[in-house]
Amino acid sequence: MGTRKKRRAVVDAGACVACGCCAKVCPVSAIEVWRGIRAVVNGEVCVGCGRCERECPASVIELQEVQP
């Protein structure tokens with residue numbers, strides 16, 4: 001039985017439209033819209049659930065594996 005790899009959300013800051021959809025669906029409040037410019041993920045809080053990635057209308061969020 002393999003171990004589950006830890007993931008976290010990463011935002012393409014240059015393409016983010018700062019709509020806030022990701023922040024609204026984050027169950028642990030790991031995302032905030034910074035100065036109305038872009039979404040920022042707190043990697044220490046993010047649990048890698050993927051809700052933000054699925055909700056993002058601009059498709060600029062992806063889950064990436066985190067090194068232990």
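The following paragraphs describe the nonpolar core, the cysteines, a nonpolar surface patch and several loop residues of a predicted model.

The largest nonpolar core comprises 15 residues, and those with the most contacts inside it are Ala9, Val11, Ile31 and Ile61. At least two residues of this core are supplied by each of strand 1 (7-11), strand 3 (38-41) and strand 4 (61-65). Such an arrangement may be set beside the general tendency of nonpolar side chains to be buried together in soluble globular proteins. The surroundings of Ile61 can be given in detail: when residues up to four places away in sequence are not counted, Ile61 touches Ala9, Val10 and Val11, together with Cys22, Cys52, Glu53 and Cys56.

With regard to the cysteines, a search of the whole structure finds zero disulfides. Cys26 is accordingly in no disulfide, and the nearest cysteine sulfur, which belongs to Cys49, lies 6.1 Å away. Cys26 counts as buried because its relative accessibility is 15%, which falls under the 20% limit for that class. For Cys46, the closest cysteine sulfur is that of Cys52, and the separation of 6.1 Å is too far for a bond, since a disulfide requires a pair of cysteine sulfur atoms within 2.5 Å. Cys46 is likewise buried, with a relative accessible area of 10%.

On the surface, Val28, Val45 and Val47 make a nonpolar patch of about 200 Å². One member of this patch, Val28, is located in the loop that runs between helix 1 (21-25) and strand 2 (31-34). Val28 is classed as partly exposed because its relative accessible area is 32%, a value that lies between the limits of 20% for buried and 50% for exposed residues. Ser29 also has its place in the loop between helix 1 and strand 2, and, at 63% relative accessibility, Ser29 counts as exposed. A spatial relation to the patch residue Val45 is found here as well, in that Ser29 and Val45 are 16 residues apart in sequence, while their C-alpha atoms are 7.8 Å apart in space.

The backbone of Ser29 is notable for a positive phi of about 55 degrees, although this residue is not a glycine. Most residues other than glycine have a negative phi. Arg35, another residue other than glycine, also has a positive phi, with a value near 50 degrees. Arg35 is found in the loop between strand 2 and strand 3, where its relative accessibility of 68% places it among the exposed residues. The C-alpha atom of Arg35 is separated by 8.9 Å from that of Ala18, which is 17 residues away along the chain.

A further loop position is that of Gly50, which lies between strand 3 and helix 2 (51-55). Gly50 counts as buried because its relative accessibility is 2%, and a separation of 9.8 Å is computed between the C-alpha atoms of Gly50 and Val25, although these residues are 25 positions apart along the chain.

Note on methods
Residues numbered from 1 in each chain as written. Predicted model: local features only at pLDDT ≥ 70, side-chain atom pairs only at ≥ 80, totals over all residues. Heavy atoms only, no water. Patch = residues over 30% accessible without salt bridge, like charges linked within 9 Å, V, L, I, M, F, W, Y side chains within 5 Å. Areas by Shrake-Rupley, 256 points an atom, 1.4 Å probe, with all protein chains shown as cover. Salt bridge = Lys/Arg side-chain N within 4 Å of Asp/Glu carboxyl O. Helix = DSSP H or I, 4+ residues; strand = E, 2+ residues; numbered from the N terminus. Buried < 20%, exposed > 50% of the residue type's maximum accessible area, 1.4 Å probe, protein only. Core = buried A, V, L, I, M, F, W, Y, C linked by side-chain atoms within 4.5 Å. Contact = heavy atoms within 4.5 Å.
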